[in-house]
Amino acid sequence: MKTEKIIWILRIVAAGILLQTLFFKFSGAAESIYIFSTLGAEPYGRIGSGIAELIVAILILIPKTTYIGALGGCGIMTGAILSHLFVLGIVVENDGGFLFSLAVITLICCLGLLYFNKNKLFNLLKLK
């Protein structure tokens, strides 16, 4: 019972962060445009990553597909973190590192979800 509560907390935090950033990506917020212009991926990277994050968030919230969403979330957040570390910097447009922190928190939640769903993940990787 306690494990199930932890899993739901991880799901809600990861999906919540992913979903709340969609507004900024899809509305063309100045910070999002700056980020993806700096990465050389504006507007397609911004919109494409928003669509990917929407799909991942939905998969995370559905118990049968949580591990697939968490795997996708790990990939997306690893890309975001690496972009911050090597191109953007941790602080973007005087945000105090807030976006970087959200990416790290989301990655940690997704890794936790993968840990709790490791049997499903291992079954996915089995070759028949």
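In which helix is Leu54 found? Select Leu54 in your viewer, bearing in mind that this is a predicted model, and you will see that the residue belongs to helix α3. Leu54 is partly exposed, because its relative accessible area is 32%, a value that falls between the 20% limit for buried residues and the 50% limit for exposed ones.

Next, keep Leu54 selected and add Trp8, Ile12, Leu19, Ile58, Leu61 and Ile62, since together these residues form a nonpolar patch on the surface, whose accessible area comes to about 560 Å². If you then colour the helices, you can follow which elements give two or more residues to this nonpolar patch, namely α1, which covers 2–27, and α3, which covers 44–61.

From the patch, move to Ala15, which lies in helix α1. Ala15 has a relative accessible area of 1% and is therefore buried. Show the residues around Ala15 and, setting aside those up to four places away in sequence, you will find that it touches Ala57, Ile60 and Leu61; Leu61 is also one of the residues of the nonpolar patch. Then select Cys109 as well, which is 94 residues from Ala15 along the chain, although the C-alpha atoms of the two are separated by 9.4 Å.

The last stop is His84, in helix α4, which runs over residues 66–88. Is His84 buried or exposed? Its relative accessibility is 6%, so His84 counts as buried. With neighbours within four places in sequence left aside, the residues to display in contact with His84 are Gly89, Ile90, Val92, Leu99 and Phe100.

Note on methods. Residues numbered from 1 in each chain as written. Predicted model: local features only at pLDDT ≥ 70, side-chain atom pairs only at ≥ 80, totals over all residues. Heavy atoms only, no water. Patch = residues over 30% accessible without salt bridge, like charges linked within 9 Å, V, L, I, M, F, W, Y side chains within 5 Å. Areas by Shrake-Rupley, 256 points an atom, 1.4 Å probe, with all protein chains shown as cover. Salt bridge = Lys/Arg side-chain N within 4 Å of Asp/Glu carboxyl O. Helix = DSSP H or I, 4+ residues; strand = E, 2+ residues; numbered from the N terminus. Buried < 20%, exposed > 50% of the residue type's maximum accessible area, 1.4 Å probe, protein only. Contact = heavy atoms within 4.5 Å.
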